[in-house]
Amino acid sequence: MSAVSSSISTLVVCWNNGDFLGRCLESVPSDSDLVVVDNGSTDRGADIVAERFPSATLIRLERNEGFAAGVNRAAAKATGTYLLLLNPDAEATPRAIERLATYLDEHSTCGAVAGRLLSMTEEPQHDFHARRLPTMSSLAFELLLVNRLWPRNPITRRAELADLDETVTGPIERSASCCFMVRRAAFDQVGGLDEQFTPAWFEDADLCKRLLDAGWSIYSVPTAVFRHLGGTSVRTLGRARRKRIFYRNMERYVRKHHGRLGAAVVKTLLVTGMGLRVAGSALRADREGINAFSSVLSGTLRGWKHE
């Protein structure tokens with residue numbers, strides 16, 4: 001791979017990702033600034049970094065402080081003018097990082113760029129492609145299962161950018177943070193990632209919204225290709241905990257960006273939606289689903305106290 005500018009810092013936050021971490025870090029140019037945060041892993045991920053990538057800055061945290069906190073810790077140590085947020089289960093293909101940086105170099109009002117994600121077998125990862133920012137209507141259609149009953153409805157299609165041509169460079173509202181390069185000035189201007197979205201979910205949407213509100217644009221650069229496994233950390237959380245975290249952070253996002261009225265509306269939608277899911281799980285004799293959605297319902301009604 002050709003060398004890229006030393007003004008790029010690659011930030012990798014890992015939690016029990018040791019099986020793939022070596023491949024991820026090997027895909028980063030050796031002359032770039034690399035900062036790895038280990039979020040209290042119980043595997044050998046941090047040791048792999050120390051042994052195989054001695055030039056990297058390694059930050060070992062005693063507990064899992066979440067993705068957003070990990071990125072902010074890494075950014076505080078980073079020296080680059082561009083910050084690449086790279087998931088530990090992703091790897092850059094040749095020149096991918098360089099292409100993201102080049103786009104930022106050439107477009108001064110662009111605050112962030114996202115690469116294109118492919119699976120390990122080179123298939124498009126539609127679950128991780130760009131989307132629009134959440135709206136009250138798109139959240140309502142999701143929570144009330146309208147998107148399940150009417151998959152091609154215009155609200156959901158618009159939210160998911162169903163007609164997006166993933167091979168064309170263009171402006172987007174929201175990207176997953178798997179391979180997301182942010183201009184350091186833009187990152188600092190909006191205050192980095194919001195650590196209340198812990199351990200994951202909606203911190204990416206929140207960052208993108210704040211970048212756009214601050215006047216920066218965000219672009220998808222499909223020539224910057226990254227291969228990605230996807231979901232390696234969150235699968236270890238278990239279904240019930242995953243659901244609780246996701247919907248709790250959804251409610252937090254709405255409260256932050258849509259105010260008290262929006263929060264009241266989404267809470268009503270959550271209660272209704274979880275009730276529907278509990279009933280559906282019961283009809284399918286899905287005990288795990290009953291427990292997971294009942295847990296979300298309980299958390300919503302209690303106001304997510306102690307979480």
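In this predicted model, the second largest cavity is lined by Phe 67, Leu 85, Ser 175, Ser 177, Phe 180, Leu 193, Glu 203, Asp 204, Leu 207 and Cys 208. The volume of this second largest cavity comes to about 40 Å³, and helix H9 gives the most to its lining, with four residues. When the residues that line the second largest cavity are sorted by class, six are nonpolar, two are polar and two are charged.

The structure as a whole holds two cavities of 30 Å³ or more. In the largest cavity lies about 170 Å³ of space, and 16 residues line it, of which Gly 115, Arg 116, His 129, Ala 130 and Ser 220 are the closest to its centre. Strand E6, which spans residues 110-118, supplies the largest share of the lining of the largest cavity, namely four residues. By class, the lining of the largest cavity is made up of eight nonpolar, five polar and three charged residues.

Aromatic contacts were examined next. A pair of aromatic rings is described by the distance of the centres and the angle of the planes. A search of the whole structure finds five aromatic pairs. One of these is formed by Tyr 103 and Tyr 219, whose rings lie 5.3 Å apart, centre to centre, with 35° between the planes, and this pair is tilted. The pair links distant parts of the chain, since Tyr 103 belongs to helix H4 (residues 96-106) and Tyr 219 to strand E9 (residues 217-228), with the two positions 116 residues apart in sequence. Tyr 103 has a relative accessible area of 13% and is therefore buried, whereas Tyr 219, with a relative accessible area of 22%, is partly exposed.

A further pair is made by Phe 202 and Phe 246, whose ring centres are 5.3 Å apart and whose planes stand at 50°, so that this pair, too, is tilted. Phe 202 lies in the loop between helix H8 (184-189) and helix H9 (203-213), while Phe 246 lies in helix H10 (residues 239-283), and the pair therefore ties together parts that are 44 residues apart in sequence. With a relative accessible area of 5%, Phe 202 is buried, whereas Phe 246, at 22% relative accessibility, counts as partly exposed. Both residues also belong to a cluster in which ring pairs link Trp 201, Phe 202, Phe 246, Tyr 247 and Tyr 253. In addition to its ring partner, Phe 202 has Arg 174 lying over its face, at 5.6 Å from the ring centre.

Two further residues, Glu 91 and Asn 291, were considered individually. Glu 91 lies in strand E5, which covers residues 90-92, and at 7% relative accessibility this glutamate counts as buried, because the limit for buried residues is under 20%. The side chain of Glu 91 makes a polar contact of 2.7 Å with the side chain of Arg 23. Asn 291, by contrast in its accessibility, counts as partly exposed at 47%, and this residue is located in helix H11 (residues 287-302). The C-alpha atom of Asn 291 is separated by 8.0 Å from that of Val 278, a residue that stands 13 residues apart from Asn 291 along the chain.

Conventions:
Residues numbered from 1 in each chain as written. Predicted model: local features only at pLDDT ≥ 70, side-chain atom pairs only at ≥ 80, totals over all residues. Heavy atoms only, no water. Phe/Tyr/Trp six-rings, centres within 6.5 Å; stacked < 30°, edge-to-face > 60°. Buried < 20%, exposed > 50% of the residue type's maximum accessible area, 1.4 Å probe, protein only. Lys NZ or Arg CZ within 6 Å of the ring centre and 35° of its normal. 1 Å grid on protein atoms, 1.4 Å probe; cavity = no way out; pocket = protein on both sides within 12 Å on 5 of 7 lines; lining within 4 Å. Points joined across faces, edges and corners; volume = space filled by probe spheres on them. Nonpolar A, V, L, I, M, F, W, Y, C, P; charged D, E, K, R; others polar. Polar contact = N/O pair within 3.5 Å; in protein donor to acceptor, adjacent residues only side chain to side chain.
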